[in-house]
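Please open the model in a viewer and keep the selection panel at hand. The tour below proceeds by selection, with a note on what each one shows.

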Amino acid sequence: MTHTYNVSGMTCGSCEANVKSAFLKLPDVESTEISKEDGTATISMAKHIPLSVLQNALSEYNGKYQLSAASHSEVAEQTKSWLATYKPILLVFGYILVITGFASYTTEGFSIMKAMPLFMGGFFLSFSFFKMLDLKSFAESYAMYDIVAKKWNSWGYVYAFIELALGLAFITGFQPLVTNAVTLIVMTVSIIGVIQSVLKKQKIRCACLGAVFNLPMSTVTIIEDALMIGMSGIMLIMM
């Protein structure tokens, strides 16, 4: 994609070179054309780069150059970028929600207590499936942030099979008390490493869908784990 930005503060050829050099250092910038006469920067990028990131690239010049969007909405572009990035996980959640909704509907209406274990079963089966596609790569990615996998490399392999077992247990209704207790413990341990990585703003791959999709570690991952923790906790209380 290509966007044009207004750039203030450029007064000479050196300014053009400074701005161009700063933008080309960014990993997703493919090319850029700078014009001090027009006060613009036209940037071709592999994916949308937030305006704040582009402005930060110019920070070494102590605020001399100021950037603003010339012909596009930053909010709209960031929303499109977010949806494109998380499309795989949104589709998985969408499919699970729809199937759970149909499966949980009874003659007496929708049953939330029937829906939660079915949703969790679908969640664990789906996510374990993607991990199994490339188990080795998943384990390596998981070891980059999970507190257990960092100390025990094989935990990533074990974790994928635990998810598979939990998925089957939720779907079949096997030992609900034990299943929910194990889920609560495993997901609580898992979310610790996720929260630490997000707080440290580490730019690493989230291994939630294995190594098939290049999903960044973010608050979406925290919400995903917290949802499983919350549901297992509610069901344990209801029991």
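Begin with the lining of the largest cavity in this predicted model: its residues comprise 11 nonpolar, 2 polar and 4 charged. The volume enclosed is about 100 Å³, and the structure holds 1 cavity of 30 Å³ or more. Select Tyr159, Ser190, Cys208, Glu224 and Asp225 next; of the 17 lining residues, these are the closest to the centre of the cavity. Then colour helices H5 (112–133), H6 (135–142), H7 (155–172), H8 (176–199) and H9 (219–238), each of which supplies at least two residues of that lining.

Move now to strand E3, residues 40–45. Is this strand largely enclosed or open? Because 5 of its 6 residues are buried, E3 is largely enclosed by the rest of the structure. Add strand E1 (residues 2–8), which runs antiparallel to E3 and is joined to it by 5 bridges; within this pairing, Asn6 has Thr40 as its bridge partner. Strand E2 (residues 29–35) also pairs with E3 in the antiparallel sense, over 6 bridges, and here Val29 is partnered with Met45. Between E2 and E3, select the 4 residues of the hairpin connection and inspect Gly39, which takes a positive phi near 65°.

Finally, select helices H3 (residues 74–85) and H4 (residues 87–103). Their axes lie 5 Å apart and the helices pack at an angle of about 65°. On H3, display Trp82, Leu83, Ala84 and Thr85; on H4, display Lys87, Pro88 and Leu90, which together make the contact. By class, this contact consists of 5 nonpolar, 1 polar and 1 charged residues.

Methods: Residues numbered from 1 in each chain as written. Predicted model: local features only at pLDDT ≥ 70, side-chain atom pairs only at ≥ 80, totals over all residues. Heavy atoms only, no water. Axes fitted to C-alpha atoms, helices over the stretch in contact; angles between N-to-C directions. Contact = heavy atoms within 4.5 Å. Nonpolar A, V, L, I, M, F, W, Y, C, P; charged D, E, K, R; others polar. 1 Å grid on protein atoms, 1.4 Å probe; cavity = no way out; pocket = protein on both sides within 12 Å on 5 of 7 lines; lining within 4 Å. Points joined across faces, edges and corners; volume = space filled by probe spheres on them. Buried < 20%, exposed > 50% of the residue type's maximum accessible area, 1.4 Å probe, protein only. Pairing = 2+ DSSP bridges.
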